[in-house]
Amino acid sequence: MNLNIVLAQPQIPQNTGNVARTCAATGANLHLIKPLGFELDDSKMKRAGLDYWGKLNVTLYENFDDFFSRTRNTGQYWFFETKSAKNYCDIEYADNAYLIFGREDTGIPDEILRANYDNAVRIPMLAGLRSLNMANSVAVGVYEVLRQWNFPELQSFGKI
């Protein structure tokens, strides 16, 4: 099974580093859509990702058009966004799913979200709160997909 995590225009290097670490630990591919709010060699991002960078499959895209043209028809897109009415747990994630997360401060651009609203999902939370941290949202989404797929190839640890 193949899982793809897409960060659209991430702004905070530590978030991207933490997401990279989650991708490395779970075997998910990481896709980054420019513009990025930092340089790829940012020390904060590298530190958050620890020594896992060599274990990652990372693809960089110039913009959304580049991303869509290079990934079209390779898997289903799921847009994680607070503006959606669908619960992320109510979706069946097929092989090669793309979980797409927007900028930390603005989310997924409205024009992209409007064009793909049927594939937008949200993580439930208390009313009056804006959103979860992006890296935490990615982890929630990744582990729901892996739960549905029965955690393929992931090692389980027993009691000590």
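Q9 is buried in this predicted model, with a relative accessible area of 15%, and that value places the residue below the 20% limit for burial. The residue lies in the loop between β1 and α1. Its phi is near 60°, a positive value in a residue other than glycine. Most residues other than glycine have a negative phi, and most peptide bonds are trans.

A second residue with such a backbone angle is N150, which is not a glycine and has a positive phi of about 65°. N150 belongs to the segment after α5. In contrast to the buried Q9, N150 is exposed, with a relative accessible area of 64%. An unusual peptide bond is found elsewhere: K34 and P35 are joined in the cis form, with omega at about 5°. P35 is part of the loop between β2 and α2 (43-48).

The strands form an open sheet of 6 members in the order β3-β2-β1-β5-β4-β6, with parallel pairing. β3 (58-61) and β6 (120-121) occupy the edges; each has a single partner strand, so one side of each lacks a neighbour in the sheet. Helix α3 (residues 64-71) packs on this sheet and touches β1, β2, β3, β4 and β5, while its direction makes about 125° with that of β3. Within the sheet, β1 and β2 (residues 29-33) run parallel and are joined by 5 bridges. In this pairing, N4 stands opposite N29 of β2.

The loop that holds Q9 leads from β1 to α1. Helix α1 has 14 residues, and its first and last C-alpha atoms are 20 Å apart, close to the 20 Å expected at 1.5 Å a residue. Because 10 of these 14 residues are buried, α1 is largely enclosed by the rest of the structure. The buried positions of α1 include P13, T16, V19, A20 and C23. Just after the helix, G27 takes a positive phi of about 80°.

Helix α5 (residues 134-148) can be examined in a similar way. Its 15 residues should span 21 Å at 1.5 Å a residue, and the end C-alpha atoms are indeed 21 Å apart, which agrees. At the start of α5, a side-chain oxygen of N133 comes within 2.8 Å of the backbone nitrogen of A135. A135 is itself among the buried residues of α5, which also include M134, V138, V142 and L146. The cover over the buried residues of α5 includes β1 (3-8), α1 (13-26), β4 (77-80) and β5 (97-101). Just beyond the helix comes N150, with its positive phi of about 65°.

Notes:
Residues are numbered from 1 along each chain as its sequence is written. This is a predicted model: local features need pLDDT of at least 70, side-chain atom pairs count only at pLDDT 80 or more; totals for chains, interfaces and linings use all residues. Side-chain values use heavy atoms; hydrogens and water are left out. Helices (H or I, at least four residues) and strands (E, at least two) are DSSP runs, numbered from the N terminus. The expected span of a helix is 1.5 Å times one less than its number of residues. Buried means under 20% relative accessible area, exposed over 50%, partly exposed in between (1.4 Å probe, protein chains only). Contact means heavy atoms within 4.5 Å. A polar contact is a pair of N or O atoms within 3.5 Å; within protein, one must be able to donate a hydrogen and the other to accept it, and residues adjacent in sequence count only if both atoms are side-chain atoms. Two strands pair if DSSP finds at least two bridges between them. Axes are lines fitted to C-alpha atoms, for helices over the stretch in contact, and angles run from 0 to 180 degrees between N-to-C directions.
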